[in-house]
Amino acid sequence: MDTQCPYCTNNSLCQHNSLLTKAPTAAAYWDTVKNGLTPDLVMAGSAARRHWLCPKCGHSWQAHIHRRVEQQSGCPKCSKINKPWNRRPSLTQSQHPAMLEFDIERNRRAGFDPGKITAGSNKMVHWICNHCPKGRPHLFVATVQSRIALNSGCPYCASKKACICNSLQSLYPALAAEYDTARNGGGPEQVLPRSRKAVFWKDASGHTWEQSPFQRTSPERDRSKRAAVKARLKHGNCFFGLQSLSLGLGEQWEKVKTAYAQANRALGDIVKVTPSSKVVGDLAQFMVQNDLDDTKLVEKAGSLNLPGSVEDLLQGNLGQPAGGFPEPLTSRVIKDKKNIAGRPGAGLSPVNLRQQEMDLKDKHDKSSITYRDVMSSAMYPQVFDEFKNWQGKYSKYTEAIPTRAFLTPLDEDEEVEVDISKGNITHIKYRAMGELQPNGTREVFFDTNGVPRTVEIVDTTDQGEGGSPIRKAAREKALPDVLGSVGAPMAGEVMQGCQVTQDISNIHGLWTVQCT
(Lines give C-alpha, C1' and ligand atoms only; values in the text may rest on other atoms or scores of the structure.)
Protein backbone atom coordinates (compact mmCIF):
# COMPACT_ATOMS: atom_id res chain seq x y z
CA MET A 1 0.00 0.00 0.00
CA ASP A 2 1.33 3.41 -1.01
CA THR A 3 1.76 5.55 2.12
CA GLN A 4 3.39 8.87 2.75
CA CYS A 5 6.15 9.42 5.26
CA PRO A 6 4.58 10.79 8.49
CA TYR A 7 7.62 12.97 9.13
CA CYS A 8 7.71 14.51 5.65
CA THR A 9 3.96 15.23 5.84
CA ASN A 10 4.36 16.89 9.28
CA ASN A 11 2.26 14.28 11.06
CA SER A 12 5.10 13.25 13.35
CA LEU A 13 7.87 15.25 15.00
CA CYS A 14 11.47 14.91 13.93
CA GLN A 15 14.60 17.07 13.89
CA HIS A 16 13.75 18.37 10.41
CA ASN A 17 10.26 19.77 11.13
CA SER A 18 10.70 21.06 14.68
CA LEU A 19 10.23 24.69 15.54
CA LEU A 20 13.90 25.08 16.42
CA THR A 21 15.02 23.77 13.01
CA LYS A 22 12.47 25.32 10.67
CA ALA A 23 11.96 28.67 12.38
CA PRO A 24 14.93 29.55 14.62
CA THR A 25 13.87 33.22 14.68
CA ALA A 26 10.47 32.33 16.13
CA ALA A 27 12.08 29.77 18.44
CA ALA A 28 14.13 32.57 20.01
CA TYR A 29 10.86 33.91 21.51
CA TRP A 30 9.75 30.51 22.89
CA ASP A 31 8.89 30.63 26.61
CA THR A 32 10.32 27.34 27.86
CA VAL A 33 9.27 27.95 31.48
CA LYS A 34 5.56 28.49 30.81
CA ASN A 35 5.31 25.95 28.01
CA GLY A 36 7.23 23.23 29.82
CA LEU A 37 8.82 22.21 26.52
CA THR A 38 11.84 23.23 24.49
CA PRO A 39 11.33 24.42 20.88
CA ASP A 40 12.94 21.25 19.47
CA LEU A 41 10.03 19.18 20.89
CA VAL A 42 7.21 20.91 18.98
CA MET A 43 6.41 20.97 15.26
CA ALA A 44 6.65 24.24 13.35
CA GLY A 45 3.24 23.59 11.74
CA SER A 46 1.39 22.93 15.00
CA ALA A 47 -1.90 24.81 15.52
CA ALA A 48 -1.43 24.80 19.30
CA ARG A 49 -1.51 28.12 21.16
CA ARG A 50 1.63 28.58 23.26
CA HIS A 51 3.47 31.20 25.36
CA TRP A 52 6.14 33.48 23.92
CA LEU A 53 8.63 35.81 25.65
CA CYS A 54 10.44 38.74 24.09
CA PRO A 55 14.16 38.67 25.00
CA LYS A 56 14.40 42.46 24.48
CA CYS A 57 11.49 43.99 26.39
CA GLY A 58 10.31 40.98 28.44
CA HIS A 59 6.78 41.13 27.02
CA SER A 60 4.88 37.82 27.35
CA TRP A 61 1.97 36.80 25.11
CA GLN A 62 0.23 33.80 23.55
CA ALA A 63 -0.04 32.92 19.86
CA HIS A 64 -0.48 29.92 17.56
CA ILE A 65 2.80 28.27 16.58
CA HIS A 66 2.05 27.94 12.86
CA ARG A 67 0.94 31.56 12.60
CA ARG A 68 4.15 32.80 14.21
CA VAL A 69 6.11 30.72 11.70
CA GLU A 70 4.07 31.74 8.65
CA GLN A 71 3.93 35.46 9.46
CA GLN A 72 7.53 35.60 10.74
CA SER A 73 6.37 38.13 13.30
CA GLY A 74 8.34 39.31 16.28
CA CYS A 75 7.25 40.82 19.58
CA PRO A 76 3.92 42.65 19.15
CA LYS A 77 4.88 45.25 21.76
CA CYS A 78 8.23 46.05 20.15
CA SER A 79 6.58 46.07 16.73
CA LYS A 80 3.99 48.57 17.91
CA ILE A 81 6.63 50.82 19.45
CA ASN A 82 8.69 50.77 16.26
CA LYS A 83 5.79 51.77 14.00
CA PRO A 84 6.45 55.13 12.33
CA TRP A 85 3.42 56.70 14.01
CA ASN A 86 4.43 55.45 17.47
CA ARG A 87 7.93 56.96 17.60
CA ARG A 88 6.44 59.79 19.55
CA PRO A 89 6.36 62.54 16.88
CA SER A 90 3.76 65.24 17.41
CA LEU A 91 0.84 65.74 15.03
CA THR A 92 2.62 68.71 13.54
CA GLN A 93 5.77 66.69 12.94
CA SER A 94 3.98 63.62 11.55
CA GLN A 95 2.82 65.39 8.36
CA HIS A 96 0.19 62.68 7.93
CA PRO A 97 -2.47 63.33 5.21
CA ALA A 98 -5.17 63.18 7.89
CA MET A 99 -3.80 66.44 9.32
CA LEU A 100 -5.45 68.22 6.38
CA GLU A 101 -8.77 67.45 8.13
CA PHE A 102 -7.60 68.55 11.59
CA ASP A 103 -10.13 71.17 12.79
CA ILE A 104 -7.74 73.78 14.13
CA GLU A 105 -10.38 76.23 15.36
CA ARG A 106 -12.53 73.80 17.34
CA ASN A 107 -9.47 72.02 18.75
CA ARG A 108 -8.00 75.36 19.80
CA ARG A 109 -11.18 76.18 21.74
CA ALA A 110 -11.02 72.70 23.34
CA GLY A 111 -7.39 73.27 24.37
CA PHE A 112 -5.80 70.78 21.96
CA ASP A 113 -2.43 71.86 20.56
CA PRO A 114 -1.26 69.67 17.62
CA GLY A 115 2.35 70.36 18.58
CA LYS A 116 1.80 68.74 22.00
CA ILE A 117 -0.27 65.70 20.90
CA THR A 118 1.64 62.64 19.73
CA ALA A 119 0.63 60.75 16.60
CA GLY A 120 -0.23 57.63 18.64
CA SER A 121 -2.44 59.42 21.17
CA ASN A 122 -5.87 58.06 22.13
CA LYS A 123 -7.26 61.56 22.71
CA MET A 124 -10.56 62.39 21.00
CA VAL A 125 -10.02 65.49 18.86
CA HIS A 126 -12.11 67.38 16.29
CA TRP A 127 -11.90 66.79 12.54
CA ILE A 128 -13.56 68.41 9.53
CA CYS A 129 -14.19 66.81 6.13
CA ASN A 130 -15.00 68.98 3.09
CA HIS A 131 -15.89 66.17 0.66
CA CYS A 132 -19.67 66.33 1.18
CA PRO A 133 -21.46 66.30 -2.25
CA LYS A 134 -23.99 68.81 -0.88
CA GLY A 135 -21.22 71.23 0.09
CA ARG A 136 -21.83 70.99 3.83
CA PRO A 137 -18.70 70.14 5.90
CA HIS A 138 -18.72 66.98 7.97
CA LEU A 139 -17.78 67.68 11.59
CA PHE A 140 -16.83 64.68 13.72
CA VAL A 141 -14.59 63.57 16.56
CA ALA A 142 -12.18 60.62 16.51
CA THR A 143 -9.00 59.52 18.27
CA VAL A 144 -5.67 60.58 16.81
CA GLN A 145 -4.52 56.97 16.73
CA SER A 146 -7.52 55.84 14.65
CA ARG A 147 -6.89 58.55 12.05
CA ILE A 148 -3.10 58.27 11.91
CA ALA A 149 -2.36 54.62 12.73
CA LEU A 150 -5.51 52.94 11.43
CA ASN A 151 -6.11 55.36 8.55
CA SER A 152 -9.82 55.64 9.34
CA GLY A 153 -11.69 58.20 7.30
CA CYS A 154 -14.78 60.34 7.60
CA PRO A 155 -17.70 58.37 9.12
CA TYR A 156 -20.19 60.33 7.01
CA CYS A 157 -18.40 59.62 3.73
CA ALA A 158 -18.16 55.96 4.76
CA SER A 159 -21.95 55.90 5.43
CA LYS A 160 -21.46 55.09 9.08
CA LYS A 161 -23.29 58.24 10.17
CA ALA A 162 -26.23 60.00 8.56
CA CYS A 163 -25.97 63.48 7.07
CA ILE A 164 -27.64 65.58 4.39
CA CYS A 165 -25.82 63.69 1.61
CA ASN A 166 -26.47 60.05 2.61
CA SER A 167 -29.61 59.96 4.78
CA LEU A 168 -32.86 58.21 3.99
CA GLN A 169 -34.48 61.62 3.56
CA SER A 170 -32.08 62.73 0.81
CA LEU A 171 -31.68 59.44 -1.08
CA TYR A 172 -35.17 57.91 -0.75
CA PRO A 173 -37.69 60.74 -0.26
CA ALA A 174 -40.65 58.49 -1.16
CA LEU A 175 -39.78 56.01 1.58
CA ALA A 176 -38.96 58.84 3.98
CA ALA A 177 -42.58 60.00 3.64
CA GLU A 178 -43.69 56.70 5.26
CA TYR A 179 -41.13 56.96 8.09
CA ASP A 180 -43.04 57.17 11.41
CA THR A 181 -41.19 60.04 13.08
CA ALA A 182 -43.41 60.06 16.18
CA ARG A 183 -42.84 56.40 17.11
CA ASN A 184 -39.17 56.33 16.10
CA GLY A 185 -38.25 59.45 18.08
CA GLY A 186 -36.47 61.12 15.18
CA GLY A 187 -36.78 61.98 11.51
CA PRO A 188 -35.59 60.16 8.36
CA GLU A 189 -32.72 62.64 8.01
CA GLN A 190 -31.08 60.86 10.97
CA VAL A 191 -31.28 57.35 9.46
CA LEU A 192 -29.02 55.61 6.94
CA PRO A 193 -30.75 53.74 4.07
CA ARG A 194 -28.60 50.64 4.74
CA SER A 195 -29.37 50.50 8.44
CA ARG A 196 -30.48 47.03 9.57
CA LYS A 197 -32.20 48.29 12.72
CA ALA A 198 -35.96 47.78 12.56
CA VAL A 199 -37.98 51.01 12.64
CA PHE A 200 -41.66 51.89 12.38
CA TRP A 201 -43.37 52.89 9.14
CA LYS A 202 -46.80 54.37 8.49
CA ASP A 203 -48.51 54.69 5.10
CA ALA A 204 -51.17 57.13 3.94
CA SER A 205 -54.00 54.84 5.08
CA GLY A 206 -52.65 54.77 8.64
CA HIS A 207 -51.38 51.18 8.58
CA THR A 208 -48.15 50.74 10.60
CA TRP A 209 -45.53 48.03 10.54
CA GLU A 210 -41.93 47.40 11.57
CA GLN A 211 -39.06 46.84 9.13
CA SER A 212 -35.44 47.89 8.65
CA PRO A 213 -34.49 50.59 6.09
CA PHE A 214 -32.08 48.06 4.53
CA GLN A 215 -34.97 45.76 3.66
CA ARG A 216 -37.03 48.60 2.22
CA THR A 217 -34.23 50.07 0.11
CA SER A 218 -33.13 46.68 -1.29
CA PRO A 219 -35.44 45.78 -4.21
CA GLU A 220 -35.00 42.05 -3.65
CA ARG A 221 -35.83 42.45 0.05
CA ASP A 222 -38.52 45.11 -0.01
CA ARG A 223 -41.71 43.83 1.56
CA SER A 224 -44.81 45.93 1.81
CA LYS A 225 -47.36 45.60 4.58
CA ARG A 226 -49.49 43.27 2.43
CA ALA A 227 -46.45 41.01 1.82
CA ALA A 228 -46.91 39.67 5.35
CA VAL A 229 -44.52 41.97 7.25
CA LYS A 230 -47.08 42.11 10.01
CA ALA A 231 -48.42 38.59 9.46
CA ARG A 232 -45.08 36.79 9.61
CA LEU A 233 -44.72 36.33 13.30
CA LYS A 234 -41.34 36.25 14.98
CA HIS A 235 -40.59 33.08 16.88
CA GLY A 236 -38.06 31.81 19.39
CA ASN A 237 -36.58 29.01 17.28
CA CYS A 238 -33.22 30.50 16.23
CA PHE A 239 -32.40 27.28 14.39
CA PHE A 240 -35.38 27.60 12.06
CA GLY A 241 -33.59 29.42 9.23
CA LEU A 242 -30.57 27.09 9.14
CA GLN A 243 -32.83 24.07 9.45
CA SER A 244 -34.83 25.22 6.42
CA LEU A 245 -31.58 25.73 4.51
CA SER A 246 -30.42 22.20 5.33
CA LEU A 247 -33.75 20.82 4.02
CA GLY A 248 -33.16 22.47 0.65
CA LEU A 249 -35.69 25.26 1.22
CA GLY A 250 -33.20 28.13 0.98
CA GLU A 251 -34.50 29.21 -2.44
CA GLN A 252 -38.07 29.21 -1.05
CA TRP A 253 -37.33 31.21 2.09
CA GLU A 254 -40.06 33.75 1.36
CA LYS A 255 -42.61 30.91 1.07
CA VAL A 256 -41.31 29.39 4.30
CA LYS A 257 -41.85 32.64 6.20
CA THR A 258 -45.37 33.03 4.80
CA ALA A 259 -46.11 29.39 5.64
CA TYR A 260 -44.92 30.00 9.21
CA ALA A 261 -47.64 32.57 9.74
CA GLN A 262 -50.21 30.25 8.14
CA ALA A 263 -49.08 27.30 10.26
CA ASN A 264 -49.28 29.44 13.38
CA ARG A 265 -52.81 30.51 12.44
CA ALA A 266 -53.85 26.90 11.71
CA LEU A 267 -52.64 25.80 15.17
CA GLY A 268 -54.59 28.54 16.92
CA ASP A 269 -51.93 31.25 17.32
CA ILE A 270 -50.27 29.37 20.19
CA VAL A 271 -47.63 30.81 22.49
CA LYS A 272 -44.34 30.23 20.67
CA VAL A 273 -41.53 29.18 22.99
CA THR A 274 -39.28 26.16 22.74
CA PRO A 275 -40.55 23.55 21.89
CA SER A 276 -43.87 24.95 20.58
CA SER A 277 -42.07 27.29 18.14
CA LYS A 278 -40.29 24.25 16.67
CA VAL A 279 -43.67 22.57 16.06
CA VAL A 280 -44.89 25.59 14.11
CA GLY A 281 -41.61 25.61 12.17
CA ASP A 282 -41.88 21.88 11.37
CA LEU A 283 -45.41 22.36 10.07
CA ALA A 284 -44.39 25.40 8.00
CA GLN A 285 -41.58 23.48 6.31
CA PHE A 286 -43.93 20.55 5.68
CA MET A 287 -46.46 22.88 4.05
CA VAL A 288 -43.85 24.34 1.70
CA GLN A 289 -42.49 20.90 0.77
CA ASN A 290 -46.01 19.68 -0.06
CA ASP A 291 -47.32 22.92 -1.63
CA LEU A 292 -50.00 23.50 1.03
CA ASP A 293 -51.61 26.59 2.48
CA ASP A 294 -53.60 26.69 5.72
CA THR A 295 -56.89 25.96 3.88
CA LYS A 296 -55.55 22.89 2.04
CA LEU A 297 -53.88 21.76 5.25
CA VAL A 298 -57.19 21.54 7.10
CA GLU A 299 -58.95 19.92 4.14
CA LYS A 300 -56.33 17.17 3.67
CA ALA A 301 -55.29 16.76 7.31
CA GLY A 302 -56.82 13.29 7.59
CA SER A 303 -54.73 11.88 4.74
CA LEU A 304 -51.45 13.72 5.36
CA ASN A 305 -48.44 12.19 7.08
CA LEU A 306 -47.76 15.22 9.28
CA PRO A 307 -44.56 15.62 11.34
CA GLY A 308 -44.64 13.73 14.62
CA SER A 309 -44.16 16.96 16.58
CA VAL A 310 -47.43 18.33 15.17
CA GLU A 311 -49.34 15.20 16.17
CA ASP A 312 -47.83 15.33 19.66
CA LEU A 313 -48.87 18.95 20.03
CA LEU A 314 -52.47 18.35 18.96
CA GLN A 315 -52.70 15.29 21.23
CA GLY A 316 -51.87 17.55 24.17
CA ASN A 317 -48.39 16.25 24.92
CA LEU A 318 -47.20 19.85 25.34
CA GLY A 319 -50.32 20.96 27.18
CA GLN A 320 -53.71 22.32 26.15
CA PRO A 321 -54.34 25.99 25.28
CA ALA A 322 -57.43 27.74 26.62
CA GLY A 323 -60.39 26.45 24.61
CA GLY A 324 -58.35 23.63 23.04
CA PHE A 325 -56.77 23.42 19.59
CA PRO A 326 -58.73 24.45 16.47
CA GLU A 327 -61.26 22.13 14.90
CA PRO A 328 -61.66 20.28 12.59
CA LEU A 329 -57.87 20.12 12.19
CA THR A 330 -57.34 18.49 15.60
CA SER A 331 -59.92 15.71 15.11
CA ARG A 332 -58.69 14.91 11.60
CA VAL A 333 -55.07 14.61 12.75
CA ILE A 334 -55.60 12.75 16.04
CA LYS A 335 -58.37 10.43 14.76
CA ASP A 336 -58.62 7.57 17.29
CA LYS A 337 -55.39 8.37 19.14
CA LYS A 338 -55.38 9.23 22.83
CA ASN A 339 -55.99 12.89 23.64
CA ILE A 340 -54.48 14.27 26.86
CA ALA A 341 -56.90 16.73 28.45
CA GLY A 342 -54.99 17.79 31.54
CA ARG A 343 -51.35 18.35 32.40
CA PRO A 344 -49.25 15.97 30.27
CA GLY A 345 -47.00 14.87 33.13
CA ALA A 346 -49.80 14.18 35.61
CA GLY A 347 -50.31 10.58 34.46
CA LEU A 348 -46.67 9.58 34.13
CA SER A 349 -45.37 6.79 36.35
CA PRO A 350 -42.43 7.52 38.69
CA VAL A 351 -38.93 7.12 37.23
CA ASN A 352 -36.12 5.34 39.07
CA LEU A 353 -33.21 7.60 38.12
CA ARG A 354 -30.65 5.24 39.66
CA GLN A 355 -31.89 2.37 37.49
CA GLN A 356 -32.08 4.74 34.52
CA GLU A 357 -28.41 5.61 35.00
CA MET A 358 -27.39 1.93 35.18
CA ASP A 359 -29.35 1.11 32.02
CA LEU A 360 -27.71 3.99 30.16
CA LYS A 361 -24.23 2.88 31.22
CA ASP A 362 -24.98 -0.64 29.95
CA LYS A 363 -26.34 0.75 26.70
CA HIS A 364 -23.75 3.45 26.04
CA ASP A 365 -20.21 4.27 27.08
CA LYS A 366 -20.07 4.16 30.88
CA SER A 367 -17.57 6.97 31.25
CA SER A 368 -19.63 9.36 29.13
CA ILE A 369 -22.89 9.18 31.12
CA THR A 370 -23.49 12.14 33.41
CA TYR A 371 -26.37 13.09 35.67
CA ARG A 372 -27.50 15.56 33.02
CA ASP A 373 -27.60 12.68 30.51
CA VAL A 374 -29.85 10.73 32.87
CA MET A 375 -32.30 13.63 33.10
CA SER A 376 -32.21 14.15 29.32
CA SER A 377 -32.91 10.48 28.69
CA ALA A 378 -35.80 10.51 31.16
CA MET A 379 -37.46 13.41 29.34
CA TYR A 380 -36.49 12.64 25.72
CA PRO A 381 -35.46 8.94 25.54
CA GLN A 382 -35.57 8.54 21.76
CA VAL A 383 -33.83 11.83 21.02
CA PHE A 384 -31.14 11.08 23.61
CA ASP A 385 -30.44 7.62 22.15
CA GLU A 386 -30.15 9.11 18.67
CA PHE A 387 -27.74 11.73 20.03
CA LYS A 388 -25.51 9.16 21.74
CA ASN A 389 -25.51 6.95 18.64
CA TRP A 390 -24.47 9.98 16.61
CA GLN A 391 -21.64 10.71 19.03
CA GLY A 392 -20.55 7.09 18.92
CA LYS A 393 -20.37 7.21 15.13
CA TYR A 394 -18.90 10.67 14.54
CA SER A 395 -17.33 11.49 17.97
CA LYS A 396 -18.24 14.25 20.41
CA TYR A 397 -16.18 16.83 18.51
CA THR A 398 -18.91 17.34 15.91
CA GLU A 399 -20.46 19.85 18.31
CA ALA A 400 -17.36 22.03 17.85
CA ILE A 401 -18.04 22.43 14.10
CA PRO A 402 -19.59 25.83 13.25
CA THR A 403 -23.37 25.53 12.86
CA ARG A 404 -23.47 26.69 9.24
CA ALA A 405 -20.76 24.23 8.21
CA PHE A 406 -22.51 21.43 10.13
CA LEU A 407 -25.87 21.92 8.38
CA THR A 408 -24.85 22.95 4.86
CA PRO A 409 -22.01 21.76 2.59
CA LEU A 410 -18.82 23.79 2.36
CA ASP A 411 -17.85 25.38 -0.93
CA GLU A 412 -14.61 24.35 -2.59
CA ASP A 413 -11.58 25.90 -0.88
CA GLU A 414 -13.80 27.15 1.98
CA GLU A 415 -12.07 26.90 5.35
CA VAL A 416 -13.51 26.67 8.87
CA GLU A 417 -11.91 26.78 12.30
CA VAL A 418 -12.89 24.04 14.75
CA ASP A 419 -12.10 24.79 18.40
CA ILE A 420 -11.35 21.27 19.65
CA SER A 421 -10.30 22.42 23.11
CA LYS A 422 -8.86 25.48 24.80
CA GLY A 423 -5.90 26.61 22.71
CA ASN A 424 -6.34 23.76 20.20
CA ILE A 425 -7.85 25.12 16.98
CA THR A 426 -8.00 22.92 13.88
CA HIS A 427 -8.25 24.50 10.43
CA ILE A 428 -10.24 22.39 7.95
CA LYS A 429 -10.41 23.32 4.26
CA TYR A 430 -12.66 21.44 1.83
CA ARG A 431 -10.90 20.71 -1.47
CA ALA A 432 -12.96 18.44 -3.75
CA MET A 433 -15.22 15.40 -3.98
CA GLY A 434 -14.48 12.26 -6.02
CA GLU A 435 -16.67 10.32 -8.43
CA LEU A 436 -19.52 8.16 -7.16
CA GLN A 437 -18.37 4.55 -6.77
CA PRO A 438 -20.54 1.47 -7.57
CA ASN A 439 -20.95 0.76 -3.85
CA GLY A 440 -22.42 4.23 -3.28
CA THR A 441 -19.35 5.87 -1.72
CA ARG A 442 -17.30 8.91 -2.60
CA GLU A 443 -13.85 10.14 -1.65
CA VAL A 444 -13.83 13.58 -0.03
CA PHE A 445 -10.56 15.53 -0.16
CA PHE A 446 -9.74 18.16 2.46
CA ASP A 447 -6.85 19.73 4.35
CA THR A 448 -6.41 19.61 8.12
CA ASN A 449 -3.98 22.28 9.31
CA GLY A 450 -2.53 22.32 5.80
CA VAL A 451 -2.05 18.54 5.59
CA PRO A 452 -3.99 16.82 2.72
CA ARG A 453 -6.39 14.11 3.87
CA THR A 454 -8.99 11.84 2.26
CA VAL A 455 -12.04 10.14 3.73
CA GLU A 456 -14.54 7.77 2.12
CA ILE A 457 -18.21 8.43 2.86
CA VAL A 458 -21.52 6.89 1.82
CA ASP A 459 -23.44 9.19 -0.51
CA THR A 460 -27.18 8.89 0.15
CA THR A 461 -28.21 11.75 -2.14
CA ASP A 462 -27.50 10.36 -5.62
CA GLN A 463 -30.03 8.29 -7.55
CA GLY A 464 -29.44 5.39 -9.93
CA GLU A 465 -31.15 4.63 -13.23
CA GLY A 466 -34.87 5.26 -13.22
CA GLY A 467 -34.59 7.41 -10.10
CA SER A 468 -34.13 4.45 -7.76
CA PRO A 469 -31.57 4.82 -4.97
CA ILE A 470 -28.13 3.39 -5.70
CA ARG A 471 -27.71 0.00 -4.07
CA LYS A 472 -25.13 0.01 -1.32
CA ALA A 473 -22.80 -2.97 -0.97
CA ALA A 474 -22.82 -2.53 2.81
CA ARG A 475 -23.33 -5.29 5.36
CA GLU A 476 -25.33 -4.99 8.52
CA LYS A 477 -23.20 -4.41 11.58
CA ALA A 478 -23.62 -5.04 15.27
CA LEU A 479 -25.62 -2.25 16.86
CA PRO A 480 -23.86 -0.84 19.95
CA ASP A 481 -27.12 0.41 21.46
CA VAL A 482 -28.90 -2.97 21.18
CA LEU A 483 -27.95 -5.29 24.06
CA GLY A 484 -27.06 -8.74 22.76
CA SER A 485 -26.24 -7.60 19.24
CA VAL A 486 -23.17 -9.57 18.10
CA GLY A 487 -21.07 -8.92 15.01
CA ALA A 488 -20.51 -11.91 12.70
CA PRO A 489 -16.93 -12.91 11.84
CA MET A 490 -17.86 -13.01 8.13
CA ALA A 491 -20.75 -12.24 5.80
CA GLY A 492 -23.14 -15.19 5.53
CA GLU A 493 -26.26 -16.89 6.85
CA VAL A 494 -26.95 -18.54 10.22
CA MET A 495 -27.65 -22.18 9.38
CA GLN A 496 -28.24 -23.51 12.89
CA GLY A 497 -28.02 -22.25 16.43
CA CYS A 498 -28.88 -23.02 20.02
CA GLN A 499 -32.35 -22.55 21.46
CA VAL A 500 -33.30 -19.95 24.05
CA THR A 501 -33.69 -22.48 26.91
CA GLN A 502 -30.92 -24.89 25.79
CA ASP A 503 -28.06 -25.80 28.13
CA ILE A 504 -24.88 -24.51 26.47
CA SER A 505 -22.37 -25.72 29.03
CA ASN A 506 -21.34 -28.77 26.93
CA ILE A 507 -21.50 -27.37 23.37
CA HIS A 508 -18.61 -25.88 21.42
CA GLY A 509 -20.49 -23.29 19.37
CA LEU A 510 -23.65 -21.24 19.69
CA TRP A 511 -24.25 -20.73 15.96
CA THR A 512 -23.07 -22.08 12.64
CA VAL A 513 -22.53 -19.45 9.92
CA GLN A 514 -22.31 -20.40 6.28
CA CYS A 515 -20.52 -18.05 3.85
CA THR A 516 -22.73 -16.64 1.07
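Modeller: Before we begin, a polar contact is a pair of N or O atoms within 3.5 Å, and within protein one of the two must be able to donate a hydrogen and the other to accept it. Please keep in mind that this is a predicted model.

Colleague: With that in hand, which backbone oxygen lies 2.9 Å from a polar atom of the side chain of Q315?

Modeller: The backbone oxygen of K338 does, and Q315 itself is found in helix 17.

Colleague: Is Q315 buried or exposed?

Modeller: The cut-off for burial is under 20% relative accessible area, and Q315 counts as buried because its value is 14%. Leaving aside neighbours within four places in sequence, Q315 is in contact with Q320, I334, K337, K338, N339 and I340, so that K338, whose backbone oxygen lies 2.9 Å from the polar side-chain atom, also appears among these contacts.

Colleague: How should I read the nonpolar cores, and which residues have the most contacts inside the largest one?

Modeller: In soluble globular proteins, nonpolar side chains tend to be buried together. Here the largest nonpolar core has 26 residues, and those with the most contacts inside it are L267, L283, M287, L297, L306, L314 and L329. At least two residues of this core come from each of helix 14 (253-266), helix 15 (276-289), helix 17 (308-315) and helix 18 (329-334), and helix 15 gives the largest share, seven residues. Apart from this core lies another, of 18 residues, including M99, F102, A119 and A142.

Colleague: Taking one residue of the largest core, what does L306 touch?

Modeller: If residues up to four places away in sequence are not counted, L306 touches L283, F286, L297, E311 and V333.

Colleague: Turning to strands, how many bridges join strand 1 to strand 2?

Modeller: In a regular strand the side chains alternate between the two faces of the sheet. In this model strand 1 (residues 49-53) and strand 2 (residues 60-64) run antiparallel and are joined by five bridges, with H51 standing opposite Q62 of strand 2. Their hairpin has six residues between the strands, and G58 takes a positive phi near 80° there.

Colleague: And what share of the residues of the whole protein chain counts as buried?

Modeller: Of its 516 residues, 33% do, while the chain contains 22 helices and 12 strands. The protein chain exposes about 33400 Å², of which carbon and sulfur atoms supply 52%. Among contacts between residues at least 6 apart in sequence, 37% join residues at least 24 apart.

Note on methods:
Residues numbered from 1 in each chain as written. Predicted model: local features only at pLDDT ≥ 70, side-chain atom pairs only at ≥ 80, totals over all residues. Heavy atoms only, no water. Core = buried A, V, L, I, M, F, W, Y, C linked by side-chain atoms within 4.5 Å. Buried < 20%, exposed > 50% of the residue type's maximum accessible area, 1.4 Å probe, protein only. Helix = DSSP H or I, 4+ residues; strand = E, 2+ residues; numbered from the N terminus. Contact = heavy atoms within 4.5 Å. Pairing = 2+ DSSP bridges. Areas by Shrake-Rupley, 256 points an atom, 1.4 Å probe, with all protein chains shown as cover.
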